[in-house]
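Student: I am new to this structure and would like to understand the words used to describe it. Could we take them one at a time, setting each value beside the rule behind it?

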Amino acid sequence: MAHQGAAVEQFDRWLRHEFLDLNTELEEAYFAAHREILYGPDLEVIKQAIALNGAKLVAQIVEAGTTPVDARERYQLLGAVGLYLGACRRHEVDVPEHELVESLANLLGASLGVAPRYVFAHQCLYGYRTFTALDDERVFVTHNGLGVLSYQRAAHALRRIPAMGVSSPLAAYLLEDARAALDDVLLSNRTLSETLNVDRFFLNIRPYFKPYQVGGVEFRGANAGDFAAINEIDLLLGLCAAHDPFYQRVLTEKYAYVPPEDQVLLRAAVTGVSLLELLFREAATGPVTAQLRANAERFLAVCRAHGAAYTFHHHRLVKPFLETPAKHAPEERVNDITASGPPLDVVLGGLQRLSDLRAARDRPGVVVTAQASLNKLREVINVEGR
Ligand code: HEM
């Protein structure tokens with residue numbers, strides 16, 4: 001019986017080498033035929049090698065006994081098992097000994113309070129993992145990861161402001177920091193849109209993010225939005241509201257798909273008071289000082305940067321990389337396109353609404369955003385500041 005640490009290491013090594021090579025070989029074959037998947041005896045041999053060898057290595061981990069004590073190691077192991085299950089789903093191949101593999105995933109998920117599948121955090125925050133050796137996948141994971149880090153930097157700056165007060169000179173520094181971080185999100189989104197090949201993304205990268213079953217329950221697919229910072233920013237800026245039923249669905253739906261420490265942040269974010277509200281409160285208590293006005297202007301710049309980065313996500317990533325190629329995808333593949341599971345137009349409708357909320361752009365009869373409140377803030381700081 002292998003020592004558990006050694007069995008985990010062996011599995012990890014396999015994921016980094018043989019698994020990577022086999023997936024790459026399959027992807028090159030699919031890409032050459034411009035198809036999302038192909039079937040045929042030679043390719044089935046490769047698919048079976050992934051399924052069988054992975055299951056054997058996971059079985060060794062289970063046989064070696066107890067799960068890791070350290071929570072981070074358990075989360076990383078969940079990601080490793082999930083990567084394997086995600087690849088089996090992508091190549092449409094059954095998992096041998098699926099009960100054994102899935103029960104390990106379930107045990108790890110239950111011990112951490114998260115969905116028992118791999119999510120984007122496993123690929124970029126808990127190690128750096130790709131399914132293939134394709135350049136486009138490296139570009140995709142890297143720039144998504146940079147986007148997440150930048151969002152986290154912005155959230156980190158903003159969440160410190162309520163305690164110090166919105167008119168503090170130190171809040172000015174944090175607002176500048178948040179704006180710069182959100183400009184970085186736009187930059188990494190832009191680089192991604194200019195570097196990533198649409199067909200590579202659609203045919204060779206996206207299919208690994210599909211929903212898959214664990215223990216008879218289907219868990220929705222992975223996406224780069226499964227982290228708390230973007231929601232903390234929405235709520236701290238006051239662009240989205242914790243009592244809005246649409247936004248509540250967004251939050252509760254993603255809860256199981258973010259890492260455990262992000263769950264704590266999501267819980268804290270829904271009870272706080274927004275900076276927008278704090279600015280109004282402070283303006284109402286006395287004359288608008290030069291510092292308060294300058295901070296309010298910085299706040300508005302942060303809101304603009306958040307809207308710009310997310311509008312870019314919608315119009316320059318989601319549409320060209322997903323919506324447009326989906327129009328040309330074979331009929332039988334179209335139902336299967338989104339990561340979350342609902343039909344593409346439903347997912348796009350939700351993303352459009354988030355884009356409107358973050359950009360504070362009302363759509364009459366469809367969505368009311370913070371547009372009027374931001375205009376009011378502009379009035380308050382100008383009129384009362386004279
Ligand atoms: C080719 C690149 C990308 C495409 C095609 C894309 C597409 C999508 C889609 C379709 C969803 C909805 C998932 C679903 O329900 O099925 C989504 C969610 C999300 N994505 Fe992306 N995405 C890309 C890159 C990025 C990057 C670089 C970031 C930056 C961190 C990002 C941030 C988010 C966020 C935050 C969400 C969650 C929904 C929300 O709160 O807005 N995405 N993305």
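Tutor: Let us begin with a rule: a salt bridge is a side-chain nitrogen of Lys or Arg within 4 Å of a carboxyl oxygen of Asp or Glu. Please keep in mind throughout that this is a predicted model.

Student: What makes arginine 206 and glutamate 36 a salt bridge?

Tutor: Their side chains meet with N and O 2.9 Å apart, and the rule asks for a distance within 4 Å, so the pair is called a salt bridge. This pair links distant parts of the chain, 170 residues apart, with arginine 206 in the loop between helix H10 (198–205) and strand E1 (212–214), and glutamate 36 in the loop between helix H2 (18–32) and helix H3 (41–63).

Student: Why is arginine 206 called buried, and why is glutamate 36 called buried?

Tutor: Buried means under 20% relative accessible area. Arginine 206 has 5% and glutamate 36 has 8%, so both residues are rightly called buried.

Student: How do you know that arginine 298 forms a salt bridge with glutamate 176?

Tutor: The closest N and O atoms of arginine 298 and glutamate 176 are 2.7 Å apart, which is within the 4 Å of the rule. This pair, too, links distant parts of the chain, since arginine 298 is in helix H15 and glutamate 176 is in helix H9 (residues 169–195), 122 residues apart.

Student: Are arginine 298 and glutamate 176 buried or partly exposed?

Tutor: Arginine 298 has a relative accessibility of 26% and glutamate 176 has 34%; partly exposed covers what is in between under 20% and over 50%, so both residues count as partly exposed.

Student: What separates aspartate 183 and arginine 179 in helix H9?

Tutor: They are four residues apart in helix H9, which means a separation of about one helical turn. Their side chains meet in a salt bridge, with N to O at 3.3 Å. Aspartate 183, at 34% relative accessibility, counts as partly exposed, as does arginine 179 with a relative accessible area of 29%. Salt bridges that share partners join Glu176, Arg179, Asp183 and Arg298 into one network, and the structure holds 19 salt bridges.

Student: What makes His313 a donor to the iron atom of the ligand?

Tutor: Donors are N, O and S atoms within 2.8 Å of the metal; the NE2 atom of His313 is 2.1 Å away from the iron, so His313 counts as a donor, and the iron has no other donor from the protein, His313 being the single one. Histidine 313 has its place in helix H15 (residues 290–327).

Student: Which domains divide the chain, and how do you know that they touch?

Tutor: The chain is divided into domain 1 (1–118) and domain 2 (140–382). Contact means heavy atoms within 4.5 Å, and 29 residues of domain 1 are in contact with 27 residues of domain 2. The area buried between domain 1 and domain 2 is about 2,500 Å², with 53% of it given by carbon and sulfur atoms. Of the area that domain 1 buries against domain 2, Glu36, Arg89 and Arg117 supply 30%, more than any other three residues.

Student: How many salt bridges does the rule find across the interface of domain 1 and domain 2?

Tutor: The rule finds three salt bridges there.

Technical notes
Residues are numbered from 1 along each chain as its sequence is written. This is a predicted model: local features need pLDDT of at least 70, side-chain atom pairs count only at pLDDT 80 or more; totals for chains, interfaces and linings use all residues. Side-chain values use heavy atoms; hydrogens and water are left out. Donors are N, O and S atoms within 2.8 Å of the metal (3.2 Å for Na, K and Ca); water is not among the atoms, so sites may look incomplete. Helices (H or I, at least four residues) and strands (E, at least two) are DSSP runs, numbered from the N terminus. Buried means under 20% relative accessible area, exposed over 50%, partly exposed in between (1.4 Å probe, protein chains only). Domain bounds come from an automatic or database domain assignment. Buried area is the accessible area (1.4 Å probe) that two parts lose on being put together, summed over both.
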